[in-house]
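Please open the model in your viewer and keep the sequence beside it, as this tour goes from one selection to the next and says what can be found at each stop.

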Amino acid sequence: MLRTGSAALRSSRALMCQVIRPALSGAGLDPDVLQLLPGADHTAAHALVSLPELIPLVILRGSGKSTRDLSRAAARHGVRTLAHADGGGVLYAGPAADEETVHRLIVESLDRLGVCNRLNLLLIDRSCYDRLLPGVLATLDRVGVAASLHPHPHPLGYEWSLDPTRAATVTVAPANGPLHAARIAHQETSGLAAAIATQDPATAAQFIDAYTGTGVFWNSTTRLLDGYKLLRLPETGISIDRIPGPRGPVTFRDLHLRQFVVVPSDTTTGRPQAHTSTHRRETECG
């Protein structure tokens with residue numbers, strides 16, 4: 001079952017009728033295995049997360065209040081969801097950070113402002129805060145993004161991409177070393193993605209080992225936490241759950257059911273033998 005918002009409904013209908021259904025038929029499949037909900041109102045979305053007998057998994061794309069509300073509704077009905085309501089990338093500039101690298105990562109992390117893995121919180125080590133801040137502010141200004149400086153009238157992890165009036169904003173704050181920076185990233189953000197800019201491998205290792213979020217990057221942008229950029233596959237969703245299972249960008253390869261099949265080793269007689277073989281069969285599901 002596919003659902004879209006009102007802005008893309010006409011395009012989705014055209015794709016379904018002119019591309020998807022003919023392609024399924026051409027492959028010898030029933031074209032009704034994929035269906036598009038004809039409406040875009042929230043009533044249809046809430047219906048999808050209330051039918052555990054028919055729909056075992058709902059992949060919620062988007063972010064913010066509506067995603068959180070649908071996740072809670074799904075939990076009440078016993079429907080599993082793959083969703084994240086909040087994101088926001090963190091960049092920590094360590095004591096041995098190369099200024100040019102910091103500026104490059106800022107620009108690369110802000111090429112799009114409405115995505116979850118964009119730069120949202122910039123932490124600068126206190127030992128080099130005064131040295132790096134002027135160049136950081138100039139770089140932000142060059143790409144048309146404002147800086148929210150200390151003291152902040154908002155939480156450090158405030159999601160600027162969810163604020164339509166101030167999306168072009170990044171929070172800038174000091175940090176007392178890589179462990180403190182990793183702790184801020186854990187406690188103040190959703191734990192989606194964090195990056196460290198430093199030329200010192202020891203500092204990078206401290207930060208990487210301390211940060212257990214979904215993705216961690218060294219001298220690379222958090223924008224890489226994307227299915228196509230990381231895996232060269234279309235991204236179905238992003239999971240930031242800290243439980244066994246798919247984590248990070250989820251693609252069609254992650255959507256399968258696993259079944260163990262035990263059969264007799266002597267297939268000619270069909271009689272069980274002392275030794276049996278176990279086969280793992282994986283079935284893709286949508």
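Two strands are said to pair if DSSP finds at least two bridges between them, and helices (H or I, at least four residues) and strands (E, at least two) are themselves DSSP runs, numbered from the N terminus. This is a predicted model, in which local features need pLDDT of at least 70 and side-chain atom pairs count only at pLDDT 80 or more, while totals for chains, interfaces and linings use all residues. Residues are numbered from 1 along each chain as its sequence is written, and side-chain values use heavy atoms, with hydrogens and water left out.

**The whole chain**

Begin with the whole chain selected, and look for its eight helices and twelve strands. Along its principal axes, the C-alpha trace spans about 75 × 55 × 35 Å. Of the 286 residues in the chain, 41% are buried, where buried means under 20% relative accessible area, exposed over 50%, and partly exposed in between, with a 1.4 Å probe and protein chains only. If contact is taken as heavy atoms within 4.5 Å, residues 24 or more positions apart account for 60% of the contacts with a separation of 6 or more.

**Strand E4**

Next, select residues 119-125, which form strand E4. Seven of its seven residues are buried, so strand E4 is largely enclosed by the rest of the structure. Now add residues 169-175, which are strand E6, joined to E4 by five bridges and running parallel to it. Within this pair, Ile 124 stands opposite Pro 174 of E6.

**Strand E3**

Add strand E3, residues 89-93, which runs parallel to E4 and is joined to it by five bridges; here Val 90 has Leu 121 of E4 as its bridge partner. How many of the residues of E3 are buried? Five of its five are, so to speak, under cover, with Gly 89, Leu 91 and Ala 93 on one side and Val 90 and Tyr 92 on the other. Strand E7 is also parallel to E3, and five bridges join these two; look for Tyr 92, which stands opposite Ile 196 in E7.

**Helix H4**

Now select residues 99-109, helix H4, which together with E3 and E4 makes a right-handed β-α-β unit. A crossover is right-handed if, with the strands pointing away from the viewer, the path from the first strand over the helix to the second runs clockwise, and you can turn the model to follow that path. In H4, the residues Thr 101, Val 102, His 103, Leu 105, Ile 106 and Ser 109 are buried. The buried residues of H4 pack against E3, E4, helix H5 (129-142) and strand E7 (193-197).

**Thr 214**

For the last stop, select Thr 214, which lies in the loop between helix H7 (201-210) and strand E8 (215-218). Is Thr 214 buried or exposed? Thr 214 is buried, because its relative accessible area is 16%. Leaving aside residues up to four places away in sequence, Thr 214 touches several others, including Gly 191, Leu 225, Ser 239 and Arg 247. Finally, draw a line from the C-alpha of Thr 214 to that of Val 33: the two residues are 181 residues apart in sequence and 32 Å apart in space.
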